[in-house]
Amino acid sequence: MRIPTTGACQPEELLGCFKSVIHDHLAGKHTIGVYPLLPDETCWFLLADFNKKTWQEDSVVFLETCVEMGISAALERSRSGNGGHI
């Protein structure tokens, strides 16, 4: 299913949140995301995934930026130990 957009980002496809979609995401078959934009284009939550070799440094910079902007944030280490989620 396609959805109309007003910005430059053009979504390719919307998938329902089925167990198979989540399984395939965790298996690395495709990337999924949740974009909880309100009608006024604000958002109440965001998840950032850091997986590259510099994930620790990148996470620290992201967390510091959150603190500077007064945004609550927490770091969770990936199960693999080679990345993190904020």
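The legends below describe close-up views of a predicted model.

**Figure 1. Overview of the chain and its secondary structure elements.** The chain holds 2 helices and 3 strands. Read from the N terminus, these elements follow the order α-β-α-β-β. Of the 86 residues in the chain, 13% are buried. The chain exposes about 7,800 Å², and 59% of this area comes from carbon and sulfur atoms. When contacts between residues at least 6 apart in sequence are considered, 30% of them join residues at least 24 apart.

**Figure 2. The aromatic pair of F50 and F62.** The count of aromatic pairs comes to 1. The pair is formed by F50 and F62, with 5.5 Å from centre to centre and 70° between the ring planes. Because planes over 60 degrees apart count as edge-to-face, the pair is assigned to that class. F50 belongs to strand β1 (residues 49–50) and F62 to helix α2 (residues 55–68), so the pair ties together parts that are 12 residues apart in sequence. The two partners can also be described by their accessibility. F50 has a relative accessible area of 14% and is buried, whereas F62, at 27%, is partly exposed.

**Figure 3. Helix α2 along its length.** Helix α2 has 14 residues, which at 1.5 Å a residue should span 20 Å. The C-alpha atoms at its ends are 20 Å apart, in agreement with that expected span. After α2 comes G70, which has a positive phi, near 70°.

**Figure 4. The buried and exposed sides of helix α2.** W55, S59 and C66 are the buried residues of α2. Viewed down the helix axis, these buried residues fall within an arc of 35°, so they line one face of α2. An α-helix has 3.6 residues a turn, so residues three or four places apart point the same way. The buried residues of α2 pack against three strands, namely β1, β2 (76–77) and β3 (84–85). V67 and E68 are exposed on the other side of the helix.

**Figure 5. S59 and its surroundings.** S59 is located in helix α2 and is buried, with a relative accessibility of 1%. A polar atom of the S59 side chain lies 2.7 Å from the backbone oxygen of W55. W55 is itself one of the buried residues of α2. With neighbours within four places in sequence left aside, S59 is in contact with F50, L75 and I86. Among these contacts, F50 is also a member of the aromatic pair with F62.

**Figure 6. S78 in the loop between β2 and β3.** S78 sits in the loop that joins strands β2 and β3. Its relative accessible area is 11%, so S78 counts as buried. The C-alpha atoms of S78 and D49 are 9.0 Å apart in space, while the two residues are 29 apart in sequence. Beyond its neighbours within four places in sequence, S78 is in contact with N51, G83, G84 and H85. For G84, the backbone nitrogen lies 3.4 Å from a polar atom of the S78 side chain.

Note on methods: Residues are numbered from 1 along each chain as its sequence is written. This is a predicted model: local features need pLDDT of at least 70, side-chain atom pairs count only at pLDDT 80 or more; totals for chains, interfaces and linings use all residues. Side-chain values use heavy atoms; hydrogens and water are left out. Rings of Phe, Tyr and Trp (its six-membered ring) pair if their centres lie within 6.5 Å; planes under 30 degrees apart count as stacked, over 60 as edge-to-face and the rest as tilted. Helices (H or I, at least four residues) and strands (E, at least two) are DSSP runs, numbered from the N terminus. Buried means under 20% relative accessible area, exposed over 50%, partly exposed in between (1.4 Å probe, protein chains only). The expected span of a helix is 1.5 Å times one less than its number of residues. The arc is that of the directions from the helix axis to the C-beta atoms. Contact means heavy atoms within 4.5 Å. A polar contact is a pair of N or O atoms within 3.5 Å; within protein, one must be able to donate a hydrogen and the other to accept it, and residues adjacent in sequence count only if both atoms are side-chain atoms. Accessible areas come from the Shrake-Rupley method with a 1.4 Å probe; for residues, only the protein chains shown count as cover.
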